[in-house]
Protein chains: 2
Amino acid sequence: MSEDVEQTLRQHGFQVTAQRIAILRALSSHPHATADELAADVRASIGSISRQAVYDTLGLMVDKGLIRRIQPSGFTARYEDRVNDNHHHLICRSCDSLVDIDCATGDTPCLSAGDDHGFVIDEAEVIYWGYCPACRGKAAPAKPGSSPKSSTT
Amino acid sequence: MSEDVEQTLRQHGFQVTAQRIAILRALSSHPHATADELAADVRASIGSISRQAVYDTLGLMVDKGLIRRIQPSGFTARYEDRVNDNHHHLICRSCDSLVDIDCATGDTPCLSAGDDHGFVIDEAEVIYWGYCPACRGKAAPAKPGSSPKSSTT
DNA sequence: ACCAATTCTGGACTTAGTCAAGTATTTGCC
DNA sequence: GGCAAATACTTGACTAAGTCCAGAATTGGT
Ligand SMILES: [Mn+2]
Ligand SMILES: [Mn+2]
Ligand SMILES: [Zn+2]
Ligand SMILES: [Zn+2]
């Protein structure tokens, strides 16, 4: 459970540092965390880390495909280590809860757009918006539209 | 072409103001624009507008379902008036170009997740990531992962 | 024309993230 | 094990996108 993370890092061509190990651990115990939440988690485990190290590391790991970044409308970036399993996300418009949801369309699915404009598509990111069991009946007038952090007035 | 916008506003329960008309016009002539771009556009047409008015108006219109906000990872929020036609988006990881793409799954499609965790889903937002015709061969090593504004080093 | 409700403005403020220069750590090699 | 080059981390200033608030202006109904 300790060497695991080291191995993962080396296998992906990373140098092994206390910070990276801690971030990866934080990530696995706290899915869909923000950079700040991860930083806090890491500080609890190894004492301190700079914001920059957190962002650098997460950025590199995303680039290498070790982790995934998602950023739904109105949310700050979130990170997770569930990768390559083609799962999607379901978000409650009212309470912002975010849950994983398996892809309905098979295994490497969803990669089927109509006219692809000549693009080479390598990922289909799906976010389902709606209301969670606890939040039904609360909001949602005529047309919910899309607005996490709603307007004034 | 002028009263149109007024009508649309009233039909959706908005008071009609110069700012709102201008924003709606800007929007229709400039799809996927950012708040700032819209502000600039509006200033060109009616002289001036406050940042707050732009954000307030866009927020309200999104809430009422008159327009749509999208915010792909690494991008600032973008707005569009194509709404209720269930179209999706295709983004080039290299040059950030963003194009509309019709949904392959039918008409009110995509609203089919596996286990929906008891949520009432009202929208499935899909973003296809890849490389546009002009950008192929440029980047994309082993696993593209996902990273619009990449990392340092 | 008048009033209440709504909207707009200006300016301070916050949050998430980036940049850049210097210091520390890791790793491959002897 | 010790060294040096490469890589990573820290610190602090900075930017971009968006929000908050209080007061002034506009709108729509009578
Ligand atoms: Mn997930
Ligand atoms: Mn579009
Ligand atoms: Zn909820
Ligand atoms: Zn491109």
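## A hairpin in chain B

Let's start with strand 4 (residues 87-92) and strand 5 (residues 98-102) of chain B, which run antiparallel and are joined by five bridges. Strands and helices here are DSSP runs numbered from the N terminus (E, at least two residues, for strands; H or I, at least four, for helices), and two strands pair if DSSP finds at least two bridges between them. Within this hairpin, B:H88 has B:I101 in strand 5 as its bridge partner. Five residues lie between the two strands, and B:D96 takes a positive phi near 65°.

A word on the model: it is predicted, with local features needing pLDDT of at least 70 and side-chain atom pairs counting only at pLDDT 80 or more, while totals for chains, interfaces and linings use all residues. Residues are numbered from 1 along each chain as its sequence is written, chains are lettered from A and ligands numbered from 1 in the order in which they are written, and side-chain values use heavy atoms, leaving out hydrogens and water.

## The three-stranded sheet

Chain B also holds an open, antiparallel sheet of three strands in the order 1-3-2. Its edges are strand 1 (33-34) and strand 2 (68-70), each pairing on one side only. Two bridges link strand 1 to strand 3 (residues 78-80) in the antiparallel sense, with B:A33 opposite B:Y79.

## Helix 4 of chain A

Over its 13 residues, helix 4 of chain A reaches 18 Å from first to last C-alpha, close to the 18 Å expected (1.5 Å times one less than the number of residues). Its buried residues (under 20% relative accessible area, 1.4 Å probe, protein chains only) include A:V54, A:L58 and A:M61. The buried residues of this helix pack against helices 1, 2 and 3 and strands 2 and 3 of chain A, where contact means heavy atoms within 4.5 Å. After the helix comes A:G65, with a positive phi near 80°.

## Around DNA strand C

Which residues are closest to DNA strand C? Among the 19 that surround the strand, they are A:R51, A:Q52, A:Y55, B:T17 and B:Q19; a residue is near if one of its heavy atoms lies within 4 Å. Of the strand's atoms within 4 Å of the protein, 70% belong to sugar or phosphate and the rest to bases.

A side-chain N or O atom of A:R10 is 3.2 Å from a phosphate oxygen of DNA strand C. A backbone N or O atom of A:A77 lies 3.5 Å from a phosphate oxygen of the strand, and a polar side-chain atom of B:Q19 sits 2.8 Å from a sugar or linking oxygen.

Notes
A polar contact is a pair of N or O atoms within 3.5 Å; within protein, one must be able to donate a hydrogen and the other to accept it, and residues adjacent in sequence count only if both atoms are side-chain atoms. Buried means under 20% relative accessible area, exposed over 50%, partly exposed in between (1.4 Å probe, protein chains only).
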